[in-house]
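Please read these notes with the model open beside you, and take the points in order. They were written for someone who is new to reading structures.

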Amino acid sequence: MTTTAPAAAKVPAALRRQRRRRNLRTLAFLSPWLIGFSVFFAYPLGATVYYSFTRYDLINPPVWVGTRNWNYVLNDYPALWQALRNTLWLVVVMVTLRVIFGLGLGMLAIRLKRGSGLFRTLAYLPYLAPPVAATIGFAFLLNPGTGPVNNLLGDAGLPQPGWFTDPDWSKPALTLLALWGIGDLLVIFTASLLDVPREQYEAAELDGVGPWQKFRYVTWPAITPVVLFAVVTGVIQTMQYYTQAMVAGKVASGVIGNSGQPFEPGYPQGTTLTLPQLVYQEGFSTFNTGAACVISLILFAIAMTFTFVLLRRRSGLLDDD
């Protein structure tokens with residue numbers, strides 16, 4: 001008995017050392033992600049929350065002011081609600097049309113017997129264009145007075161919209177620009193469509209189903225995860241929509257050629273104003289960092305809400321299946 005008791009006592013100690021080494025090894029493998037998460041997400045988010053309750057101009061030390069910034073943004077800042085409406089419009093309309101258009105081009109690409117590679121290349125090239133250059137080019141094409149698009153519409157006897165200079169057409173013009181650069185969705189949808197098992201199509205054809213039934217019961221269930229990915233990433237990207245709307249407004253208003261001339265974002269009449277533009281304007285134009293942090297948190301909350309709803313909807317579809 002006296003010889004076995006110390007040995008029995010050493011077993012838990014050895015297991016604890018082994019468990020400790022395993023935990024340290026696991027932590028070492030996780031350390032790159034933990035460091036990246038802490039530096040690029042947790043700390044910026046925490047700092048944004050803190051600065052939203054302070055008066056801070058990026059020069060002087062922040063001063064705690066409580067909920068004053070929140071009251072100002074939510075109650076006394078009318079541009080917030082206009083930018084919020086514009087951003088939500090872009091999220092709903094632009095993301096929906098991009099997904100539908102990208103899926104349609106993907107289905108067309110896999111059905112082409114000849115020239116499929118050329119078609120995919122030509123459809124993908126606009127996505128590689130820099131956003132600023134693409135927006136300037138589109139503003140030239142859609143110029144209501146001298147643009148070739150309106151000239152063609154006039155020759156055909158069709159209405160000639162004002163596009164970026166017309167409050168009713170400014171957001172549809174931005175949507176056309178987004179549809180022009182559809183190459184990213186074309187690639188992922190083409191890959192997902194090619195990955196659908198051909199045996200399922202053959203079985204469906206033997207059962208005598210039509211094209212719509214094949215898409216609904218064979219294609220759609222197979223590509224649903226890819227569609228969800230496209231929607232979620234599209235929502236997140238559109239919630240950060242800044243460059244195209246800002247450049248289009250500057251070109252349409254004639255300010256882009258005069259860099260020293262002041263410019264109020266949202267031309268025309270605030271219809272292209274987005275939440276990221278307000279963040280930049282408050283944070284780096286007026287140096288009201290507290291209000292910019294409040295708008296950033298509102299933008300973050302809306303994006304997370306959209307993502308959560310979409311993911312819950314996807315999990316519900318899986319549960320139903």
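The points below concern a predicted model, and they go from annotated spans to a helix pair and then to the nonpolar cores.

1. The UniProt record, an unreviewed entry, lists residues 26-53, 88-110, 122-142, 173-196, 217-236 and 289-311 under "transmembrane region". Two of these spans can be looked at in the model: residues 217-236 are 100% helix and 0% strand, with end C-alpha atoms 29 Å apart, whereas residues 122-142 are 67% helix and 0% strand, with end C-alpha atoms 21 Å apart.

2. Helix 3 (residues 79-111) and helix 7 (residues 170-180) have axes that come within 10 Å and cross at roughly 35°, and the crossing is right-handed. On the side of helix 3 the contact is made by N86, W89, L90, M94, L97, R98 and F101, and on the side of helix 7 by K171, P172, L174, T175, A178 and L179. Sorted by character, the residues of this contact are nine nonpolar, two polar and two charged.

3. The largest nonpolar core has 40 residues, and those touching the most other members are V73, V99, F189, M239, L275, L278 and I295. Among the elements that give two or more residues to this core are helix 8 (183-194), helix 10 (211-239) and helix 13 (289-320), while helix 3 gives the largest share, nine residues.

4. Which residues does F189 contact, leaving aside its neighbours within four places in sequence? The contacts of F189 are then V99, G102, L103, V226, V227 and A230.

5. A second, separate core has 15 residues, including A134, W163, F164 and A178; A178 also belongs to the contact of helix 7 with helix 3.

Key. Residues numbered from 1 in each chain as written. Predicted model: local features only at pLDDT ≥ 70, side-chain atom pairs only at ≥ 80, totals over all residues. Heavy atoms only, no water. UniProt positions renumbered as here; feature names shortened; annotations may be inferred. Helix = DSSP H or I, 4+ residues; strand = E, 2+ residues; numbered from the N terminus. Axes fitted to C-alpha atoms, helices over the stretch in contact; angles between N-to-C directions. Left-handed = near helix turned anticlockwise from the far one by under 90°. Contact = heavy atoms within 4.5 Å. Nonpolar A, V, L, I, M, F, W, Y, C, P; charged D, E, K, R; others polar. Core = buried A, V, L, I, M, F, W, Y, C linked by side-chain atoms within 4.5 Å. Buried < 20%, exposed > 50% of the residue type's maximum accessible area, 1.4 Å probe, protein only.
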